[in-house]
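Here's a quick walk through a two-chain model. Have the sequence and the structure open while you read.

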Amino acid sequence: MTREDSLALLARGEIPERYKRNIGTIGIDGQKRLLKARVAIVGAGGLGGTIIELLARQGVGFLRIIDGDSFELVNLNRQLLATERTMGMNKAVSAAARVAEINSEVETHAVPAMFNEDNATELLSDMNVIVDALDTINCRLLLCRMAQKLKIPLVHAAIAGFTGQVGTILPTGPGLEKLFKTTGSSETRIETVLGNPAATPAVAAAIQAQEVVKLLTGVGETLSHKLLYFDTELNIYELLHLG
Amino acid sequence: MRIEVRLYATLRRYALSAADGVLSIVVPEGSKASDVIASVGVNADEVHIVMVNGVSSPLDQVLAEGDRLGLFPPVGGG
């Protein structure tokens with residue numbers, strides 16, 4: 001089956017076997033929208049690896065995966081795509097190979113380069129949704145500025161220790177400057193103290209993937225202009241408003 | 001006036017009397033978020049997000065009786 005085969009079936013109201021368990025949640029129309037959608041995942045580490053896995057299984061038609069890093073031993077505790085076999089391999093390329101194993105209907109474009117101001121427009125402008133799976137604050141702020149400039153929704157998450165935050169940034173709403181000071185020691189991050197354990201990025205990434213599905217299908221209510229903050233150490237889950 | 005201060009993640013270490021980071025304190029009328037940050041001894045450089053009653057607010061936000069002030073450090077890992 002190709003993506004076109006699946007879309008043809010869905011157009012006739014029939015459900016491709018591999019998407020049967022999706023339909024009760026997002027409907028036939030939702031699945032068609034996902035298969036026609038284009039999503040950029042910026043970062044293929046702890047957050048990105050899980051997001052890519054979930055979006056491929058859910059059946060998002062095109063994934064552009066951007067990461068210039070290669071897997072190291074220190075990634076093995078939490079990054080789904082980091083295995084003993086992929087050590088030293090580029091993260092974006094490894095992610096595309098994983099997607100091909102999961103769902104050959106999903107087209108991928110692996111970009112084994114760091115996201116920056118020079119390549120931002122070229123890599124993002126033809127996307128329906130952008131996912132922030134980065135790990136530095138300055139890069140996140142640049143990504144948010146570019147997403148808002150290009151008028152593309154951005155799904156943000158960040159984690160540290162037992163703590164994480166997820167939110168959706170729309171072109172006209174408040175941006176990540178509400179969450180990170182842009183002056184002073186903006187790169188002093190608490191994950192350098194609290195660490196990045198196995199489960200926290202998976203929790204945040206799963207919610208990000210769900211946000212992407214909601215944005216693309218129109219089902220449900222997104223976290224736009226909001227921030228879901230969680231601290232699983234104390235069982236705190238708070239929905240905050242970015243104003 | 002009495003307000004509640006909630007310190008999150010690494011900022012909880014400033015709440016010596018409360019392991020969960022939640023403090024109920026009395027502050028002068030007209031106090032701003034920045035005044036409270038100073039009075040509880042939190043290093044202002046570590047505070048990236050200020051929430052008053054769950055809404056993102058500036059440091060010079062004037063607080064009212066019963067307000068809930070949430071202070072968050074920067075979370076940047078991925």
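What follows covers a bent helix, the nonpolar core and the contact between the chains.

This is a predicted model, so to speak of local features we need pLDDT of at least 70, side-chain atom pairs count only at pLDDT 80 or more, and totals for chains, interfaces and linings use all residues. Residues are numbered from 1 along each chain as its sequence is written, while chains are lettered from A and ligands numbered from 1 in the order written.

Let's start with the bent helix. Helices (DSSP H or I, at least four residues) and strands (E, at least two) are runs numbered from the N terminus.

| Helix H2 (20-35) of chain A | Value |
|---|---|
| Span of a straight helix of 16 residues, at 1.5 Å a residue (times one less than the residue count) | 22 Å |
| Span between its end C-alpha atoms | 14 Å |
| Kink centred on A:Ile26 (angle between axes fitted to the seven residues ending there and the seven starting there) | about 105° |

A:Ile26 is also buried, as are A:Asn22 and A:Gly30, among others in H2(A); buried takes 20 or more other C-beta atoms within 10 Å, C-beta atoms being placed from the backbone. Helices H1 (3-11), H3 (46-58) and H8 (199-217) of chain A are among what covers them.

Next, the core: buried Ala, Val, Leu, Ile, Met, Phe, Trp, Tyr and Cys joined through C-beta atoms within 7 Å. The largest has 91 residues, and A:Val39, A:Ile41, A:Ile65 and A:Val131 touch the most other members. H8(A) gives the most, eight residues.

Finally, the contact (C-beta atoms within 7 Å) takes 17 residues from chain B and 37 from chain A.

Terms used:
Contact = placed C-beta atoms within 7 Å. Buried ≥ 20, exposed ≤ 12 C-beta atoms within 10 Å, placed from the backbone.
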